[in-house]
Amino acid sequence: RPGQNLYVSPEDGRWTATYRPKAIDLYPFVLQPRPDGAHQYAVGFRVESGALRERPQELLGEHRFFTDDGHQTAAFAHVVKRLNQEVQAAQWATRAAAALQAHHLLEPWPGAQPQGQDAQSLDASVGLFRVHEEKLNALDGPALKALQQANALPLAYGQLLSLSRME
């Protein structure tokens with residue numbers, strides 16, 4: 001429904017769905033690429049969230065980032081670990097998708113591409129893509145081996161297996 005989020009309570013803004021996206025779960029923390037371009041990340045905190053406290057109230061689920069002697073608290077170390085896992089998963093997905101594309105296995109998903117005015121105003125890469133199952137099944141041994149080595153086959157088969165949930 002336009003203007004209404006069915007997963008957020010209109011009374012108090014709480015997330016109501018049983019599944020909670022990690023981006024919401026980890027908010028207000030983010031990993032930001034370091035400016036030196038060393039393929040490393042720094043933990044960022046969205047100050048505008050209003051969640052930063054001078055003295056966190058642990059009874060309310062608030063935690064300090066560091067102990068008095070400068071070490072990460074267990075709660076903050078857990079956040080950092082999950083943020084790093086997100087970056088690693090995104091890097092894997094990017095590499096896997098590139099390998100699938102290199103073998104011409106990705107195609108625009110009919111009905112999921114921008115239409116009308118949106119199609120003209122958006123970049124052609126915007127939209128959803130799917131694995132072309134027939135092309136995947138027609139690959140020869142060396143091509144399948146290359147996709148296996150790129151760890152792209154789990155992504156391809158996972159997407160194909162998920163199609164039954166879309167109907």
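Helices, for these notes, are DSSP runs of H or I with at least four residues, and strands are runs of E with at least two, both numbered from the N terminus. With that fixed, I could place P28 in the loop between helix 1 (22-26) and strand 1 (29-33). I kept in mind throughout that the model is a predicted one.

**Entry 1, overall layout.** I counted the elements and found 6 helices and 4 strands in the protein, which run α-β-β-α-β-α-β-α-α-α from the N terminus on. I then looked at burial, and noted that 20% of the 167 residues in the protein are buried. The accessible surface comes to about 12700 Å², and carbon and sulfur atoms hold 54% of that area. For the contacts with a separation of 6 or more, I wrote down that 41% are between residues 24 or more positions apart.

**Entry 2, backbone exceptions.** I went through the backbone angles with a general expectation in mind: most peptide bonds are trans, and most residues other than glycine have a negative phi. Where does the cis peptide bond with P28 lie? I found that bond between Y27 and P28, with omega at about 15°, and P28 itself belongs to the loop that runs from helix 1 to strand 1.

Next I checked H104, whose phi is positive, near 60°, although the residue is not glycine. H104 sits in the loop between helix 2 (74-102) and strand 3 (106-108). Is H104 buried or exposed? The relative accessible area of H104 is 54%, and exposed means over 50%, so I entered H104 as exposed.

N151 is a further non-glycine residue with a positive phi, here about 60°. I located N151 in the loop between helix 5 and helix 6 (153-162), and noted that N151 follows helix 5. Its relative accessibility is 38%, which puts N151 in the partly exposed class.

**Entry 3, the start of helix 5.** Having looked at what follows helix 5, I turned to its other end. At the start of helix 5 (residues 141-149), I found a side-chain oxygen of D140 within 3.0 Å of the backbone nitrogen of A143.

**Entry 4, salt bridges.** How many salt bridges does the count come to? I obtained 8 salt bridges, and I followed some of them residue by residue.

I began with R14 and D12, which form a salt bridge whose closest N and O atoms are 2.7 Å apart. D12 has 47% relative accessibility and therefore counts as partly exposed.

I then turned to D25, which forms a salt bridge with R20 at 3.2 Å between the closest N and O atoms. Both residues of this pair I recorded as partly exposed, R20 with a relative accessible area of 43% and D25 at 31%. D25 also forms a salt bridge with R82, where the closest N and O atoms are 2.8 Å apart. Because R82 lies in helix 2 and D25 in helix 1, this pair ties together parts that are 57 residues apart in sequence. R82 has 19% relative accessibility, and since buried means under 20%, I entered R82 as buried. Which residues do the shared partners join into one network? I listed R20, D25 and R82, joined by salt bridges that have partners in common.

Technical notes. Residues numbered from 1 in each chain as written. Predicted model: local features only at pLDDT ≥ 70, side-chain atom pairs only at ≥ 80, totals over all residues. Heavy atoms only, no water. Polar contact = N/O pair within 3.5 Å; in protein donor to acceptor, adjacent residues only side chain to side chain. Buried < 20%, exposed > 50% of the residue type's maximum accessible area, 1.4 Å probe, protein only. Contact = heavy atoms within 4.5 Å. Areas by Shrake-Rupley, 256 points an atom, 1.4 Å probe, with all protein chains shown as cover. Salt bridge = Lys/Arg side-chain N within 4 Å of Asp/Glu carboxyl O.
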